[in-house]
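Thanks for coming. I have one structure to walk through today, and I will keep to the fold, the packing and a few single residues.

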Amino acid sequence: MEYSEKVMDYFMNPRNVGEIENASGVGQVGNMKCGDIMKVYLQIEDGKIVDAKFKTFGCGAAVATSSMATELVKGKSIQEALEVTNKAVMEALDGLPPVKVHCSCLAEEALRAALWDYAQKNNIVIDGLEPPVNDIDERHHQAE
């Protein structure tokens, strides 16, 4: 499998690894079929994403896509962050092998889940944002 130099760089030297305490929004998505789990933390102030961190359990492409996704949303408005699609993540990484495209989809979904969490916590509606694809069950959410 051929990975671009950028994918290898973001895998070997991931940016924004970790978690944000008392984050404005936290989103976790998983793909049980491939075993990848991504958790994205966003710090939002005055409608801007001032910080983004992630924790990913998965393959190199999953780590690289989560790392790139957090890089792409830092400093952006909420509406601009919604434009960070899996396609944008893949392009920023100079492409992914076809069997790894799902990793970029997970990165997009984790970002959106974190934005959804932020909207829920603040009782706001973010235009164009839909509920997360795979809901994390309530018990897990309350335990955090």
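I will start with the sheet, go on to the helices and the core, and end with three residues in turn. Please keep in mind throughout that this is a predicted model.

First, the sheet. It is an open sheet of three strands in the order E1-E2-E3, with antiparallel pairing. Strand E1, residues 25-31, and strand E3 are the edge strands, each pairing on one side only. On average, neighbouring strands here are turned by 15° against each other, ignoring direction.

Take the E1 and E2 pair. These two strands are antiparallel and share seven bridges. If you want to check the register on screen, look at three positions. Glycine 25 has leucine 42 in E2 as its bridge partner. Valine 26 stands opposite tyrosine 41 in E2. Towards the turn, you can find glycine 30 opposite isoleucine 37 in E2. The two strands form a hairpin with four residues between them, and glycine 35 in that turn has a positive phi of about 85°.

Now the other pair. E2 and E3 are also joined in the antiparallel sense, over nine bridges. Isoleucine 37 has phenylalanine 57 in E3 as its bridge partner. This pair is a hairpin too, with two residues between the strands.

How much of E1 and E2 is covered? In E1, five of the seven residues are buried, so the strand is mostly covered. E2 is mostly covered as well, with eight of its ten residues buried.

Next, what lies on the sheet. H5 packs on it and touches E1, E2 and E3, and the direction of H5 makes about 145° with that of E1. H2 lies across E2 and E3, and runs at about 175° to E3.

H2 also has a helix partner. As a reminder, two packed helices are described by the angle between their axes and the distance between the axes. For H1 and H2 the angle is about 90°, and the axes are 8 Å apart. The two helices are therefore roughly perpendicular to each other. On the H1 side the contact uses Val7, Tyr10 and Phe11, and these meet Gly60, Val63, Ala64, Ser67, Met68 and Glu71 in H2. By type, the residues of this contact divide into six nonpolar, two polar and one charged.

That brings me to the core. In soluble globular proteins, nonpolar side chains tend to be buried together. The largest nonpolar core in this model has 38 residues, and the members touching the most others are Leu42, Ile49, Val73, Leu115 and Ile126. Which elements give two or more residues to this core? They are helix H1 (5-12), strand E2 (36-45), strand E3 (48-57), helix H2 (60-73), helix H3 (78-82), helix H4 (86-92) and helix H5 (101-121). H5 provides the largest share, ten residues.

One of those core members can be looked at by itself. Leaving aside residues up to four places away in sequence, isoleucine 126 touches Ile78, Gln79, Leu82, Leu115, Tyr118 and Ala119.

Now the three residues I promised. The first is lysine 53, which sits in strand E3. Is lysine 53 buried, partly exposed or exposed? Its relative accessibility is 22%, so lysine 53 counts as partly exposed; the cut-off for buried is under 20%. Beyond residues up to four places away in sequence, lysine 53 touches Asn16, Val17, Gly18, Glu19, Ile20, Lys39, Val40, Tyr41 and Thr70. Lysine 53 and glutamate 71 are 18 residues apart along the chain, and their C-alpha atoms are separated by 8.8 Å.

The other two are about backbone angles. Most residues other than glycine have a negative phi, and most peptide bonds are trans. Aspartate 46 is not a glycine, yet has a positive phi of about 50°. Aspartate 46 lies in the loop between E2 and E3, and at 84% relative accessibility this residue counts as exposed.

Asparagine 123 also has a positive phi of about 50° without being a glycine. You will find asparagine 123 in the loop between H5 and helix H6, residues 138-143. With a relative accessibility of 73%, asparagine 123 counts as exposed.

That is what I have. Questions, please.

Conventions. Residues are numbered from 1 along each chain as its sequence is written. This is a predicted model: local features need pLDDT of at least 70, side-chain atom pairs count only at pLDDT 80 or more; totals for chains, interfaces and linings use all residues. Side-chain values use heavy atoms; hydrogens and water are left out. A nonpolar core is a set of buried Ala, Val, Leu, Ile, Met, Phe, Trp, Tyr and Cys residues joined through side-chain atoms within 4.5 Å. Buried means under 20% relative accessible area, exposed over 50%, partly exposed in between (1.4 Å probe, protein chains only). Contact means heavy atoms within 4.5 Å. Two strands pair if DSSP finds at least two bridges between them. Axes are lines fitted to C-alpha atoms, for helices over the stretch in contact, and angles run from 0 to 180 degrees between N-to-C directions. Angles under 35 degrees count as roughly parallel, over 145 as roughly antiparallel, 65 to 115 as roughly perpendicular and the rest as oblique. Ala, Val, Leu, Ile, Met, Phe, Trp, Tyr, Cys and Pro count as nonpolar, Asp, Glu, Lys and Arg as charged, and the others, Gly among them, as polar.
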